[in-house]
Amino acid sequence: MARRTLFLLLGLLACAQAARAELAGGHEVWIVSSRSLPGCSQAFNAERLSYSVFNGESFAPSDAGAFYGTLTPERPVCVLVHGSPATHGDLITYSLQIYPRILELLPENQPVRLVFWSWPAARYHEKRILKDMRRLADVSEAHGYYVAWFTDRIPPEIPVSLVGYSMGARTTCTALQLLATGRGPYCPYLERQNPVRQAPLRVALLAAAIDRSSLYPGYRYGKALEPVDAALVTTSRCDWILKYYYFLGALRQKKGPEACGRFGVGSFGMLGAYRERYMQIDVTYAVGESHDMNDYFNSVELRPEFARVALFSDR
């Protein structure tokens, strides 16, 4: 156990050193957390979101004033929503690992503010995996309200992208549905503060744990693509986690819908007017059976498109 702890600490130190080197380029990395806030049918209070900023050594406590008060159009905001199960400690480790890999995709002199979103995705029932995943599917959508509220408070002249990974895609799509209509699954009505945006709003869904039909107009997230000008979705047919996604919606032994992150949407034509802003990339050969977000950046097809959509490398 002591040896394992030592290796973990050394790994965190190496990640922190790599991330600290990147901060010199004007980049910033934050963690915004709704992990301690209620979801589903309970009272929502987005004013109580917690903020922390990476200072080169660790994540230091901050606040909403420091976050919103230092926003500039020259530094787009990219919000990354993790999957499940994951503790807050898992998110810190993950953010330090993935942050340098993301910045590798950017041209020089193009700073970005990365925001890693933390939502309550920890396991509850260690021996009842399916029950746990169904509960987390509901919670992930409920916390889309906080992501939508947070995004709506960003001034409309600042480019923003939302990146949903695995179950975090449900959070992201619910947030976009709320921004488009004010309503979403398990969420109260969202009162918009900045309903009209001048700068682009974009979305990327990696290994998305959502039904492959859910983005069609009239379906669960049928308005999620309305407020965005570009949407990027990855597919990986061999993903060993998404292979069992259909159990989430299965009733009495019947097979539920397949995951969008495994096969993509069933029909591009069903996207209607949103077809022109939708891009789908197959990363099966680069990712293999992995469900690790780190491996997705091994795809030479994905890297430039992720940089364009999520990091605004085309600005």
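Which residues is Ser118 in contact with, leaving aside its neighbours within four places in sequence? They are Ile31, Val32, Ser33, Ser34, Arg35, His82, His88 and Leu91. The model is predicted. Its protein chain holds 10 helices and nine strands. Two elements get a closer look below: strand β5, where Ser118 lies, and helix α6, which covers residues 168–181.

**Confidence**

- Mean pLDDT for the protein chain is 89. Residues that reach 70 or more make up 89% of the chain.
- Residues 1–14 fall below 50 in pLDDT. Beyond near neighbours in sequence, that stretch has two contacts in the model.
- Residues 16–22 also stay under 50. For this stretch the model has 16 contacts beyond four places in sequence.

**Overall build**

- The protein chain has 315 residues, and 54% of them are buried.
- Take the contacts between residues at least 6 apart in sequence: 79% of these join residues at least 24 apart.
- The exposed area of the chain is about 14,100 Å². Carbon and sulfur atoms supply 54% of that area.

**Ser118 in strand β5**

- Strand β5 runs over residues 113–118, and Ser118 belongs to it.
- Ser118 has 0% relative accessibility, so it counts as buried. The cut-off for buried is under 20%.
- The Ser118 side chain makes a polar contact with the side chain of His88, at 2.9 Å.
- His88 is also in the contact list of Ser118, along with residues including His82 and Leu91.
- Residues Ile31, Val32, Ser33, Ser34 and Arg35 contact Ser118 as well.

**Helix α6**

- Helix α6 has 14 residues, and at 1.5 Å a residue they should span 20 Å. The end C-alpha atoms are 20 Å apart, which agrees with that expectation.
- Of the 14 residues in α6, 12 are buried, so the helix is largely enclosed by the rest of the structure.
- The buried set begins with Gly168, Ala169, Arg170, Thr171, Thr172 and Cys173. It continues with Thr174, Ala175, Leu176, Gln177, Leu178 and Leu179.
- Helices among the elements covering these buried residues include α4 (129–142) and α5 (144–152).
- Strands among the covering elements include β4 (77–81), β6 (160–165) and β7 (201–206).
- Gly182 comes just after α6 and takes a positive phi of about 85°.

Technical notes
Residues are numbered from 1 along each chain as its sequence is written. This is a predicted model: local features need pLDDT of at least 70, side-chain atom pairs count only at pLDDT 80 or more; totals for chains, interfaces and linings use all residues. Side-chain values use heavy atoms; hydrogens and water are left out. Helices (H or I, at least four residues) and strands (E, at least two) are DSSP runs, numbered from the N terminus. Buried means under 20% relative accessible area, exposed over 50%, partly exposed in between (1.4 Å probe, protein chains only). Contact means heavy atoms within 4.5 Å. Accessible areas come from the Shrake-Rupley method with a 1.4 Å probe; for residues, only the protein chains shown count as cover. pLDDT is the predictor's confidence in each residue, from 0 to 100. The expected span of a helix is 1.5 Å times one less than its number of residues. A polar contact is a pair of N or O atoms within 3.5 Å; within protein, one must be able to donate a hydrogen and the other to accept it, and residues adjacent in sequence count only if both atoms are side-chain atoms.
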